[in-house]
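Here's a quick tour of a protein for anyone just getting started with structures. Have the 3D view open and turn it as you read.

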Amino acid sequence: ADADIANLVSSYKATQSKLEAKGVSVDHLWVRGLNMKFNTPESLFEFMGKYNTYLMREGIPAVNYRPWVQSSMTIPPLAGGVGRMRALSKAVYALNYYYYSELNSALSVFKDRVLTSKFQPIVVLVFGLGGGTGSGMVFDFARNLRAKLGSSVPIIGLAILPSAADDLLARGPAPYNALSEAELLFNRKLNEQVAKK
């Protein structure tokens with residue numbers, strides 16, 4: 001999604017110029033575009049075999065762990081996203097967060113900016129529910145962000161539902177699966193049952 005990220009950064013720069021022209025501090029808005037790295041399917045499969053060790057370092061018991069992305073899975077070209085494969089998005093995010101350092105470093109820089117703000121910061125995570133890329137990684141991203149920022153900074157999720165112009169899959173199964181996962185995460189009793197298994 002290089003073109004999308006370039007458009008976002010371009011819009012950010014234009015907005016900064018407008019803020020400056022109106023005398024508004026540019027500290028009110030900060031955007032950094034970052035690509036997820038994905039070298040080869042084999043490197044992802046190898047990482048997924050060890051993913052539970054990274055979780056255990058964070059105090060998340062992953063005793064009965066089995067990789068959900070395995071070598072028997074066909075991985076599509078990821079030029080335009082993960083093709084509604086939310087599980088793949090989650091795995092690629094984990095690879096980038098735990099194995100490659102750029103994402104973790106970017107979150108640390110973001111944390112420093114947020115916690116040194118003169119104003120009460122509010123973090124808004126905007127993600128789509130019609131595909132698989134955003135909805136597949138957003139919950140892990142939010143968990144990692146919460147761990148970095150602590151509990152004093154509000155984090156708000158803003159999910160974008162598909163429109164009537166989107167294809168049938170984007171309007172049905174994709175958002176349904178994302179909302180089902182959200183239900184498991186936000187219902188503490190269901191979450192404990194899932195974590196136990």
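What follows is a short briefing on confidence, salt bridges, a pocket and a pair of strands.

Keep in mind that this is a predicted model. The mean pLDDT of the protein is 86, with 97% of its residues at 70 or more. A search through the whole structure turns up 6 salt bridges, and a few of them get a closer look below.

**How confident is the model?**

- Confidence hits its highest mean, 93, in strand β2, which covers residues 155-160.
- The lowest mean is 75, and that belongs to helix α6 (residues 168-171).

**A salt bridge within one helix**

- E46 pairs up with K50 in a salt bridge, and their closest N and O atoms sit 3.8 Å apart.
- Both E46 and K50 are in helix α2 (residues 41-57), with their positions 4 residues apart, or about one turn of the helix.
- Are these two buried or exposed? E46 is exposed, at 53% relative accessible area, while K50 is partly exposed, at 38%.

**A salt-bridge network around D140**

- General background first: side chains of opposite charge can pair when their charged atoms come close.
- D140 and K90 do just that, joining their side chains in a salt bridge with an N to O distance of 2.8 Å.
- D140 belongs to helix α5 (residues 133-149) and K90 to helix α3 (residues 86-99), so this pair ties together parts that are 50 residues apart in sequence.
- D140 counts as buried because its relative accessibility is 9%, and the cut-off for buried is under 20%.
- D140 has another salt-bridge partner, R143, with 3.8 Å between the closest N and O atoms.
- D140 and R143 are 3 residues apart in helix α5, so about one helical turn separates them.
- R143 is partly exposed, with a relative accessible area of 29%.
- Which residues end up in one network? Through salt bridges that share partners, E58, K90, D140 and R143 are all joined together.

**The second largest pocket**

- How much space lies in the second largest pocket? The answer is about 1,600 Å³.
- This pocket has 36 lining residues, and the ones nearest its centre are K90, D140, L185, N191 and V194.
- That means K90 and D140 turn up both in this lining and in the salt-bridge network.
- Elements that give two or more residues to this lining are α2, β1 (123-128), α5, β2, α7 (173-186) and α8 (188-196).
- Which element gives the most? For the second largest pocket it's α7, with 7 residues in the lining.
- Sorted by type, the lining of this pocket has 25 nonpolar, 3 polar and 8 charged residues.

**Strands β1 and β2**

- β1 and β2 run parallel, with 6 bridges joining them.
- If you'd like one pairing to look for, find L125, whose bridge partner in β2 is G157.
- Side chains alternate along β1: V123, L125 and F127 point to one face and are buried.
- V124, V126 and G128 point to the other face of β1 and are not buried.

**Out on a loop**

- Where is R66? Look in the loop between α2 and α3.
- R66 counts as exposed because its relative accessibility is 67%, and the cut-off for exposed is over 50%.
- From R66 to A142 is 76 residues in sequence and 23 Å in space, going from C-alpha to C-alpha.

Notes. Residues numbered from 1 in each chain as written. Predicted model: local features only at pLDDT ≥ 70, side-chain atom pairs only at ≥ 80, totals over all residues. Heavy atoms only, no water. pLDDT = per-residue confidence, 0-100. Salt bridge = Lys/Arg side-chain N within 4 Å of Asp/Glu carboxyl O. Buried < 20%, exposed > 50% of the residue type's maximum accessible area, 1.4 Å probe, protein only. 1 Å grid on protein atoms, 1.4 Å probe; cavity = no way out; pocket = protein on both sides within 12 Å on 5 of 7 lines; lining within 4 Å. Points joined across faces, edges and corners; volume = space filled by probe spheres on them. Nonpolar A, V, L, I, M, F, W, Y, C, P; charged D, E, K, R; others polar. Pairing = 2+ DSSP bridges.
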